[in-house]
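Trainee: Could we go through this model together, starting with its strands and then moving outwards to the surface?

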Amino acid sequence: MSARSETTVILPANLHARPAGQLTKAAAGFQSTVELDYAGRTVNAASVLGVMGLGATAGASVTVRATGEDADEAAKAIAEILATAE
């Protein structure tokens, strides 16, 4: 049975190329599948084009959802990147 973790982050800055790249690199380092939800859309956090395609802007609420063996750690790590995006 796999674990599931979910958290919501308010973005301090637009989700542009630099934080999207950091996010996808971090997501690829986990066994869990990590997804981002924003404005009714869900994307795989390991896809830089998907993450950038969300179009999330400063002040937006983005939900991080992870499913797998290391779901808690994955969700926390991705949420931290989103929370500190510049």
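Trainee: How many of the eight residues of strand β4 are buried?

Mentor: Bear in mind throughout that this is a predicted model. Strand β4 runs over residues 61-68 and is mostly covered; buried here means a relative accessible area under 20%. Among the eight residues of the strand, the number that are buried is six.

Trainee: Which residue in β4 stands opposite Val9?

Mentor: Strand β1, made of residues 3-10, pairs with β4 in the antiparallel sense, and the pairing extends over eight bridges. Within β4, the residue that stands opposite Val9 is Val62.

Trainee: What is the bridge partner of Thr33 in β4?

Mentor: Strand β2, covering residues 33-38, is joined to β4 by five bridges, and the two strands run antiparallel. For Thr33, the bridge partner in β4 is Thr67.

Trainee: In what pattern do the helices and strands of the protein chain follow one another along the sequence?

Mentor: The protein chain has three helices and four strands in total. Reading along the sequence, one finds these elements in the pattern β-α-β-β-α-β-α.

Trainee: What radius of gyration does the protein chain have, set against that of a compact globule?

Mentor: The C-alpha trace spans about 35 × 20 × 20 Å along its principal axes, and 43% of the 86 residues count as buried. For a compact globule of 86 residues one would expect a radius of gyration near 12 Å, and the value for the protein chain agrees with this, being 11 Å.

Trainee: Is Leu49 buried or exposed?

Mentor: Leu49 lies in helix α2, which comprises residues 48-53, and belongs with Val48 and Met52 to a nonpolar patch on the surface whose accessible area together is about 280 Å². A residue counts as exposed when its relative accessible area is over 50%. The relative accessible area of Leu49 is 69%, and therefore this residue is exposed.

Trainee: Which residue offers the backbone oxygen that the side chain of Thr84 reaches?

Mentor: Thr84 is placed in the segment after α3, the helix of residues 71-83, and is partly exposed, with a relative accessible area of 45%. The C-alpha atom of Thr84 is separated by 10.0 Å from that of Val9, although the two residues are 75 residues apart along the chain. At 2.9 Å, the side chain of Thr84 reaches the backbone oxygen of Glu80.

Terms used: Residues are numbered from 1 along each chain as its sequence is written. This is a predicted model: local features need pLDDT of at least 70, side-chain atom pairs count only at pLDDT 80 or more; totals for chains, interfaces and linings use all residues. Side-chain values use heavy atoms; hydrogens and water are left out. Patches are made of residues with over 30% relative accessible area and no salt bridge: like charges are joined within 9 Å, nonpolar side chains (Val, Leu, Ile, Met, Phe, Trp, Tyr) within 5 Å. Accessible areas come from the Shrake-Rupley method with a 1.4 Å probe; for residues, only the protein chains shown count as cover. A salt bridge is a side-chain nitrogen of Lys or Arg within 4 Å of a carboxyl oxygen of Asp or Glu. Buried means under 20% relative accessible area, exposed over 50%, partly exposed in between (1.4 Å probe, protein chains only). A polar contact is a pair of N or O atoms within 3.5 Å; within protein, one must be able to donate a hydrogen and the other to accept it, and residues adjacent in sequence count only if both atoms are side-chain atoms. Two strands pair if DSSP finds at least two bridges between them. The radius of gyration is taken over C-alpha atoms; the globule rule is 2.2 Å times the number of residues to the power 0.38.
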